[in-house]
Amino acid sequence: MTRRDAAIVGIGQTAYGKALPGTAWELAMEAVLAACADAGLDVAEVDGMCRFTAPFEPVTEAMLVRGLGIRELSFFAQAPHGGEALGAVVMHAAAAVSAGLASTVVVYRALSQSRGGRFGRADGRGPGGAGPGGGADADVVVTEQDNLSFAWPYGLMSPGQLFALWARRYATVHGLSDEDLTRALGTIAITQRAYANGNPNAMMRDRKLDWETYRGARMISEPLRLFDLCLENDGACAFVVTTAERARSLRDDPVWVLSATQTLSPYREPMGIYTSGELLELFPPAAAGRLFERAGVGRADIDVAEFYDATSYMPLRSLESYGFVPDGQAWRYVIEQGTGPGSPLPVNTHGGHLSEAYLHGMNGILEAVRQLRGTASNQVTGAEIALVGAPAGSATILAR
Amino acid sequence: MAVVPGTTDLTAPYWDAAREGRLVVQQCRACHQVWHPPLPRCPHCHATDLGWRQVSGDGTIYSYTVVRHPTHYAFAEKIPYVLAIVELAEGPRLVTAVTGVAPEEVRAGQPVRAVFREIAEGVALPYFERSRTSSPPEDQN
């Protein structure tokens, strides 16, 4: 995959909401059809698909091929680890068209959590919940898989609790007081809510967030409060990747995939138990190096960043781990320079997972495409190069 | 009602030892490294001749969080509780909960020691409590 070998030519999405009518299947088809229409393509031309693996993606390629009347897929790949596949799905799609394995690859993500479980409800239907089917007092037996049997029996069962362990480690290593950390995380949450207030797609578009509300909200798992954790919702996103030649014939503003990365190291698979290595380091620095080297750009060339934010801690630490701010400095940088409009590097200009919607990084890719087309609600003037990155290192650099 | 660890052939010896009040980690008989959780081969030298070494139970809190909002009904009544990653004196880290101390008094770096609690019939988990520093008080005279 060389630079400007593959481009995103279409994006599509459903509305985002707490409980949308329609199954994940229906939502996926709506988003895919919208993305193809945006690209000016007939969905029957789609010959490749990339997606997250189950259980992170409930809609299979087969369901879409049948449901949309697609003639044939010659390339289809799945990437594991949920949101850490956000760079991977771009990588696979771009590599496929670059290698001539397919010419029109759809990447999609559909979510209907209202029909599955949610962490916030403690109703047992979500991950970790076997349900009360065995009688109210029946013990829950955690099948050993990926070391979860060493964590769940203690009540470490949700990502928010794990992220709290990460945030505490950051404060410990860098000598932050609780107040320092609160000010940094709160600045991120409030900045992103302000972006969402200007974004018609955002679930939180009509809900303001000020410091009193942020600080006064319930503590979920110290030091993370309610507004430090992402939304839970339904919705679907999709985008279309094609070859350079095709892209130029379809539109005059293709968004080029300059680079995309995956990475995996011991005890760094989401959401494992992270009991080895320095907890602050969620991926080897070499992965970020690879991302920039292959794109042929430097940190100073990035005009806007969309950092996967299941928690406010993630954009904070991602500023450091992607090399924009030295380790241990991002908390102060965020407070002093911010990530809002006019800041040196605007972050999560759609409101992110905290305030737009939680589509496991896919809505961040859509926002980056809008920024580079010049059609974003909170447009960064003259944005030419965008980075979309997940906290454990999977990322992509896109350019107009 | 408890959340109990299911076991495999690989993990059963750890939980068997916990039931007996012993904390153990896997050790390679070839290169003598220790690690946790258990693996089928030594992650350092790939040997398959592995054993279990009983460790002291001493460790320090590497990171922690006080859980204030339940995400599973089995833990709703235990709120607030303290989750932690404890670094054992012998090197490996493990996920656990810190008990016997007010949540507000827990800090990273505190010394802790393993204690075992039966959570269901025949199932015990290692928890960690604050331990005093090992050095004895100076003679006042």
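How many residues of chain A are in contact with how many residues of chain B? Here are a few notes to help you find your way around; keep in mind that this is a predicted model.

1. To take that opening question: the contact involves 40 residues of chain A and 36 residues of chain B. On the chain A side, the elements that each give two or more residues are strand 5 (140-142), helix 4 (159-174) and strand 6 (219-221). Helix 4 of chain A has the largest share, with 6 residues.

2. What is that side of chain A made of? Its residues split into 19 nonpolar, 13 polar and 8 charged.

3. Have a look at where the two chains pair strand to strand. Strand 5 of chain A runs parallel to strand 1 (residues 3-5) of chain B, and the two are joined over 3 bridges. If you want one pair to click on, Val140(A) has Val3(B) as its bridge partner. As background, strands of a sheet pair through backbone hydrogen bonds, either parallel or antiparallel.

4. Chain B also has an open sheet of 3 strands, in the order 3-2-4, with antiparallel pairing. Strand 3 (34-35) and strand 4 (50-54) of chain B are the edge strands, each pairing on one side only.

5. Zooming in on that sheet, strand 2 (residues 24-28) of chain B pairs with strand 3 of chain B over 2 bridges, in the antiparallel sense. Which residue of strand 3 stands opposite Gln26(B)? That would be Trp35(B).

Definitions and conventions. Residues numbered from 1 in each chain as written. Chains lettered and ligands numbered in written order. Predicted model: local features only at pLDDT ≥ 70, side-chain atom pairs only at ≥ 80, totals over all residues. Pairing = 2+ DSSP bridges. Helix = DSSP H or I, 4+ residues; strand = E, 2+ residues; numbered from the N terminus. Contact = placed C-beta atoms within 7 Å. Nonpolar A, V, L, I, M, F, W, Y, C, P; charged D, E, K, R; others polar.
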